[in-house]
Amino acid sequence: MKALKIILIIIGVLVAAGLIIPLFSPATATISSEIDIELTPEQVFSGVASFSGRDAWDPWLTMDSTAKGTIHSEPGFAGSSYEWDGERIGTGRMKVDSVELNKRIHSSLWFGELPDPSRIEWTFEPVEGGTHAVWTFSEETAYPLGRLRMMIGKVFLKKSFDTGLANLKAYLEANPPVIKWMKEIIIDTFSPVNTMVVQGLGTTEDVNALIGQFYGQIITEIQKQGLQVTGNPFAMYTDWDEEAGTFVLTAGIPVASPGKRAGDVLPKFFDQMDLVIGKHVGPYENFSDSYNQLEEYIAKNNIETEEMAIEIYLTNPMEVRDPNKFETLIAFPV
């Protein structure tokens, strides 16, 4: 009887501890880890928000060789999701709820069939030599078991987060992301404008050389005529011949007043036009992804557009050397 009494006392103490200790634990459990990565905030943000390469650095995916992930991407990252399934880590899903471009990512995280998600937040702050990244996990815990579970699990989660960030740093620095994404697509109205342009027949292979040649001619003539530049250089693509692989390229620069024709350089007035337009961020060589997003948006919203593509170059490559920071408006006239 004495032994039974001792056992009951011990059980009572354990039960009491299991009920009392969680009272001093916050209802919202939070785990956070941080690290400096020798890349720009744009690159680190893109590497995390796109889910690309996630299986190379995620601390849980890397410990389960059977795990398989599926990425569902959305323009602008918000709405993108990542699902996984593995023998050791089970199933789960993460969805990007909102982003503050190159600064912050808010996501929801579901484990298995649990109905209520945990919260994931990333922040990216520029520092000397790179980016300070902070990865935070938070979860609402139920009293008493949920709080007790999280009190015990916090130590292991913190270690996993530290490992994950170290993996992320190594992976991104060895595989710097090429920034290529399109900001919000909208329909906007462009005001009437005078321009100086050069037109010519081109192919995808010689377009870069042609644009450089045409802009050289236009700038020379603008200076000769004393015209004032009022906007960013642009290029228009029309009259595609799929069989021949050619199109008509019109390169131009907006000016304050009408100029005069001089050789291949001629004045051209564009009336007001409505454009379905998005901003491509990244190298010119990666325009195809943004064009695909724009065309998907047009088809999804049943927008009728002219057979003309317009690119407006917002970044001067002579001033900004990093192609990941190039910004270009890509548009189709409605």
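This passage walks through the core, one strand, the largest pocket and two unusual loop residues of a predicted model.

A good place to start is the inside of the protein. In soluble globular proteins, nonpolar side chains tend to be buried together. The largest nonpolar core here has 30 residues, and the ones that touch the most other members are I211, Y215, I218, Y237 and L249. Quite a few elements chip in: β10 (193–202), α5 (207–225), β11 (234–241), β12 (246–255), α6, β15 (308–313) and β16 (327–333) each give two or more residues to this core. Helix α5 makes the largest contribution, with seven residues. Take Y215 as an example of how such a residue is surrounded. Leaving out neighbours within four places in sequence, Y215 is in contact with P233, F234, A235, A251, G252, I253 and Y313. Apart from this core lies another one, made of 29 residues, including I31, I37, V44 and V96.

Next comes strand β15, which is mostly covered, with six of its six residues buried. In a regular strand the side chains alternate between the two faces of the sheet. In β15, M308, I310 and I312 point one way, while A309, E311 and Y313 point the other, and all of them are buried. The strand also has partners. Five bridges hook β15 up with β11, and the two run antiparallel; one pairing there puts T238 opposite M308 as its bridge partner. Strands β15 and β16 are antiparallel too, joined by four bridges, and here Y313 has T328 in β16 as its bridge partner.

Now for the empty space. Rolling a probe the size of a water molecule over the atoms shows where empty space is left. The largest pocket has a volume of about 1,100 Å³. Its lining counts 37 residues, and I211, Y237, F287, E311 and Y313 are the ones nearest the centre. Of these, I211 and Y237 also turn up among the core residues that touch the most other members, and E311 and Y313 point the same way from β15. At least two lining residues come from each of α5, β11, β12, α6 and β15. Helix α5 again gives the largest share, this time six residues of the lining. As for chemistry, the lining splits into 20 nonpolar, ten polar and seven charged residues.

One of the residues nearest the pocket centre, F287, deserves a closer look. F287 sits in helix α6, which covers residues 287–300. With a relative accessible area of 10%, F287 falls under the 20% cut-off, so it counts as buried. Not counting residues up to four places away in sequence, F287 touches H280, E311, Y313, T328 and I330. The chain brings F287 and E311 together from 24 residues apart in sequence, with their C-alpha atoms 9.9 Å apart in space.

Finally, two residues stand out for their backbone angles. Most residues other than glycine have a negative phi, and most peptide bonds are trans. F51 is not a glycine, yet its phi is positive, about 70°. F51 is found in the loop between α2 (41–49) and α3 (54–57), and its relative accessibility of 3% makes it buried. N102 is not a glycine either, and its phi is also positive, at about 65°. N102 lies in the loop between β4 (90–100) and β5 (104–111). Because its relative accessible area is 15%, N102 is buried as well.

How values were computed. Residues are numbered from 1 along each chain as its sequence is written. This is a predicted model: local features need pLDDT of at least 70, side-chain atom pairs count only at pLDDT 80 or more; totals for chains, interfaces and linings use all residues. Side-chain values use heavy atoms; hydrogens and water are left out. Buried means under 20% relative accessible area, exposed over 50%, partly exposed in between (1.4 Å probe, protein chains only). Contact means heavy atoms within 4.5 Å. A nonpolar core is a set of buried Ala, Val, Leu, Ile, Met, Phe, Trp, Tyr and Cys residues joined through side-chain atoms within 4.5 Å. Two strands pair if DSSP finds at least two bridges between them. On a 1 Å grid over the protein atoms alone, a cavity is a set of points where a 1.4 Å probe fits but cannot get out, and a pocket is an open set with protein on both sides within 12 Å along at least five of seven lines; lining residues have an atom within 4 Å of a point. Grid points are joined across faces, edges and corners, and a volume is the space filled by probe spheres set on the points. Ala, Val, Leu, Ile, Met, Phe, Trp, Tyr, Cys and Pro count as nonpolar, Asp, Glu, Lys and Arg as charged, and the others, Gly among them, as polar.
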